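I'm opening my notebook on a structure I haven't looked at before. Here it is, so anyone can follow along.

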Amino acid sequence: MPGSIYTIATYTLLEALRNRLAWTLGALAIGAPALGGLVGQLALTESAALQAALLAALLRLGCVVLVAGFVASSVAREAADKGQELLLALAIPRAAYVLGKLAGFGLVALLPALLFGVMALTLAPAAWCAAWAVSLWCELWIVAAFCLLCVLTFGQVTAALAATLAFYLLARAIGSLQTMAQDAAPLPRMAIDALAALLPHLDEFTRSEWLAYGGAQLAPLLAQSAIYIALLGAAALVDFYRKDL
């Protein structure tokens, strides 16, 4: 099975390199620094820090949308073209297919993390940029794993993308929601705390101020990423085995 996982992951990465994802990342790499530089020139003080923070936020959001869109469209297109059935007809275990896709999307998520981590070297020290890029990779891989689960469950690109973006926004805002709910009634506060216990705290990932002031702590983020990617992969695997293919 490791050979099948490696092959599926490799072809998933090749698919990303051969389609328009690479061109779109290039366009984002040109447009985001231009906008960040314009806003940085308008700032009266700390223009470099503001430029770095804005650039980091733009690149992070753009990468999330691009990676989620690629995952949803790739899996849905493969299902529509009967590619999944063809692979499973070759006696490839369903676990190898799901794990291969999960690994392949992890490699796809590495592309923008490397590209924009290198770009950030023009704004911040190398160590700060490396921590920011590793965190971006982990964040994108969690988003890709959730999107894979959604598209295997729903079978539709629109539903999978909507669920993934809702998950991302909620996971990004869960820390702020907990802070705002401190003075709320017990029931809403307990509901938000329960939700926070289930969601990854993406508000702690790829923080823009890391490029301006440093201070990233990667160990908790790596542990959190490993846990959620494994859980989401297991959920996708259970759902895929329940399908009648």
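Below are my notes on the core, two helix pairs and one alanine.

**Ground rules.** I'm looking at a predicted model, where local features need pLDDT of at least 70 and side-chain atom pairs count only at pLDDT 80 or more, while totals for chains, interfaces and linings use all residues. Residues are numbered from 1 along each chain as its sequence is written, and side-chain values use heavy atoms, leaving out hydrogens and water. Helices here are DSSP runs (H or I, at least four residues), numbered from the N terminus.

**The core.** I went for the largest nonpolar core, and it has 67 residues. Such a core is a set of buried Ala, Val, Leu, Ile, Met, Phe, Trp, Tyr and Cys residues joined through side-chain atoms within 4.5 Å; buried means under 20% relative accessible area, exposed over 50%, partly exposed in between (1.4 Å probe, protein chains only). Elements giving two or more residues to this core include α1 (2-18), α5 (94-119), α6 and α10. The largest share, 16 residues, comes from α6.

Phe116, Trp132 and Leu211 have the most contacts inside the core. I checked Leu211: beyond its neighbours within four places in sequence, its contacts (heavy atoms within 4.5 Å) include Ala52, Leu123, Trp128 and Trp132.

**α6 and α10.** How do the axes of α6 and α10 cross? I find the axes of α6 (residues 126-154) and α10 (residues 218-242) coming within 9 Å and crossing at roughly 15 degrees. Axes are lines fitted to C-alpha atoms over the stretch in contact, with angles from 0 to 180 degrees between N-to-C directions. That makes α6 roughly parallel to α10, since angles under 35 degrees count that way. Trp141 and Phe146 are among the α6 residues that meet α10, whose side includes Ile229 and Phe240. By class, I get 17 nonpolar, three polar and one charged residues in this contact; Ala, Val, Leu, Ile, Met, Phe, Trp, Tyr, Cys and Pro count as nonpolar, Asp, Glu, Lys and Arg as charged, and the others, Gly among them, as polar.

**α1 and α5.** The axes of α1 and α5 come within 7 Å and cross at roughly 40 degrees. That makes α1 oblique to α5, oblique being whatever is not under 35, over 145 or 65 to 115 degrees. The α1 side includes Ile8 and Leu13, and α5 offers Phe105 and Leu111, among others.

**Alanine 159.** Buried or exposed, or in between? Alanine 159, in helix α7, counts as partly exposed because its relative accessibility is 28%. Its C-alpha is 9.3 Å from that of alanine 72, though the two are 87 residues apart along the chain.
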